[in-house]
Every structure is written in structure tokens, then in C-alpha cells.
Amino acid sequence: GERMPRWMQRGVVGTACAAMTAYVVYAFAANGFQWLIAPGVLFAAGSVIALALIQPWGRVIPRPLLLLLAWVGGAILILKTLYGASVQMLAVTGVITWQQAQTLIGAPVSQAPTAQEGAHMTLWNFLVWNPWFLLGGVLFCALAWLARRDLSERLS
């Protein structure tokens with residue numbers, strides 16, 4: 001098979017890093033410093049994984065481990081987006097209450113939004129944040145899919 005072009009590798013990694021950076025900035029702005037730690041660590045880990053798949057120094061890390069981590073990271077981003085969007089849509093349409101939605105996402109029920117705040121938050125998430133998470137997940141999976149060929153080429 002043909003190797004993934006370098007420009008495509010850089011584009012995939014750059015877009016995934018942009019998505020993770022946007023979330024880190026959002027998490028910090030919306031929730032303060034305590035929420036910066038987890039997204040910051042995940043951002044750093046995701047960046048290292050993505051770069052290790054396309055950079056020569058990444059060959060010191062076992063390739064199957066990198067591919068597994070990229071697949072898992074991509075799947076988590078995609079599933080997080082779909083699950084969160086589904087729960088929000090159920091709350092917006094009135095199938096469940098916002099308190100139930102908070103429980104389903106593991107957030108404190110005491111912080112449940114009003115119906116109007118919830119609808120505004122859902123629209124904001126659908127237009128601004130969910131596309132980045134979904135794109136990041138798809139790109140991580142695409143990177144893992146395209147990078148697997150490098151492994152098969154080395155084995156042949």
C-alpha cells in the first residue's frame with residue numbers, strides 16, 4: 001500500500017491538537033483551574049500519541065500500543081460526543097428532565113440548568129463544541145487506520 005502523505009499526517013495531527021486545545025481553553029474558562037488538569041493531561045497524552053505515530057522518535061514506543069491508544073482515544077471522543085448529544089436532545093425535547101440529564105452525565109443534580117438555559121447550552125454545544133469532539137475522534141481513528149499501514153509495511 002501507499003504511505004500516507006506527510007501533509008495529510010500533519011493536517012490530521014494539527015486538527016486533533018486544535019480540537020483538544022479548544023476544549024482545554026473552554027474547560028478552563030468555564031470551570032476554573034481544577035478543570036484544567038484533566039483536559040490538560042489528556043491533551044498532552046493525545047498529542048504525544050498522535051505525534052509518535054508520525055514522527056521518527058515515536059518508533060521507540062511499541063507501535064501496537066500507539067495504535068491501540070489512538071483507536072481508544074478516537075472512540076472515546078466519538079462516543080462522548082454522541083452520548084452527550086443524545087442526553088441533551090432527550091432533555092431539550094422533554095423526554096427526560098434536566099436533573100435526570102445531569103445524573104446521566106455524572107454531574108451534580110444541583111447544577112441542573114433551567115429549560116431555557118439547557119436549550120441554550122445544547123445549541124451552543126451542538127454548534128461549537130460537539131463538532132470539535134466528533135472531528136477529533138474521527139481524525140484520531142483516521143490516523144490510527146492510516147498509520148497501521150506503516151506497521152504492516154515493516155512486517156513484510
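This passage describes the helices of a predicted model and the surroundings of several of its residues.

The protein chain holds five helices and zero strands. Along the sequence, the pattern of elements reads α-α-α-α-α. The chain has 156 residues, and 34% of these count as buried. Its accessible surface amounts to about 9,200 Å². Carbon and sulfur atoms account for 73% of that surface. Contacts were also examined by their separation in sequence. Of the contacts between residues at least 6 apart in the sequence, 61% link residues at least 24 apart.

Helix α3 covers residues 63-92, a run of 30 residues. The length of this helix can be checked against an expected value. The expected span is 1.5 Å times one less than the number of residues, so helix α3 should extend over 44 Å. The C-alpha atoms at its two ends lie 43 Å apart, which agrees with the expected span. Buried positions occur along helix α3 from Arg63 to Ala91. Among them are the leucines Leu66, Leu67 and Leu77, together with Ala70, Ala85 and Val87. The buried set also includes Gly74, Thr81, Gly84 and Gln88. Just after helix α3 comes glycine 94, which has a positive phi of about 85 degrees.

Glutamine 88 is a residue of helix α3. Its relative accessible area is 11%, and glutamine 88 therefore counts as buried, since the cut-off for a buried residue is under 20%. The side chain of glutamine 88 forms a polar contact with the side chain of asparagine 125, at 3.4 Å. With neighbours within four places in sequence left aside, the residues in contact with glutamine 88 are Trp98, Met121, Thr122, Asn125 and Phe126. Asparagine 125 thus appears both as the polar partner of glutamine 88 and in its list of contacts.

Glycine 73 also belongs to helix α3. Unlike a buried residue, glycine 73 counts as partly exposed because its relative accessibility is 23%. The C-alpha atom of glycine 73 lies 7.5 Å from that of glycine 46, although the two residues are 27 apart along the chain.

Serine 47 is located in helix α2, which comprises residues 34-54. With a relative accessible area of 11%, serine 47 is buried. Apart from neighbours within four places in sequence, serine 47 is in contact with Cys17 and Met20.

Glutamine 99 is part of helix α4, which runs over residues 98-105. This glutamine has a relative accessibility of 39% and so counts as partly exposed. Once neighbours within four places in sequence are set aside, glutamine 99 is in contact with Val109 and Ala112. The C-alpha atoms of glutamine 99 and serine 110 are 7.8 Å apart, and the two residues are separated by eleven places along the chain.

Aromatic rings were considered as well. A pair of such rings is described by the distance between the centres and the angle between the planes. The search of the whole structure gave zero aromatic pairs. A ring is nevertheless involved in an arrangement with a charged group: the charged end of lysine 80 sits over the ring of phenylalanine 133. The distance from this charged end to the centre of the ring is 4.2 Å.

Conventions
Residues are numbered from 1 along each chain as its sequence is written. This is a predicted model: local features need pLDDT of at least 70, side-chain atom pairs count only at pLDDT 80 or more; totals for chains, interfaces and linings use all residues. Side-chain values use heavy atoms; hydrogens and water are left out. Helices (H or I, at least four residues) and strands (E, at least two) are DSSP runs, numbered from the N terminus. Buried means under 20% relative accessible area, exposed over 50%, partly exposed in between (1.4 Å probe, protein chains only). Contact means heavy atoms within 4.5 Å. Accessible areas come from the Shrake-Rupley method with a 1.4 Å probe; for residues, only the protein chains shown count as cover. A polar contact is a pair of N or O atoms within 3.5 Å; within protein, one must be able to donate a hydrogen and the other to accept it, and residues adjacent in sequence count only if both atoms are side-chain atoms. Rings of Phe, Tyr and Trp (its six-membered ring) pair if their centres lie within 6.5 Å; planes under 30 degrees apart count as stacked, over 60 as edge-to-face and the rest as tilted. A charge sits over a ring if NZ of Lys or CZ of Arg is within 6 Å of the ring centre and within 35 degrees of the ring normal.
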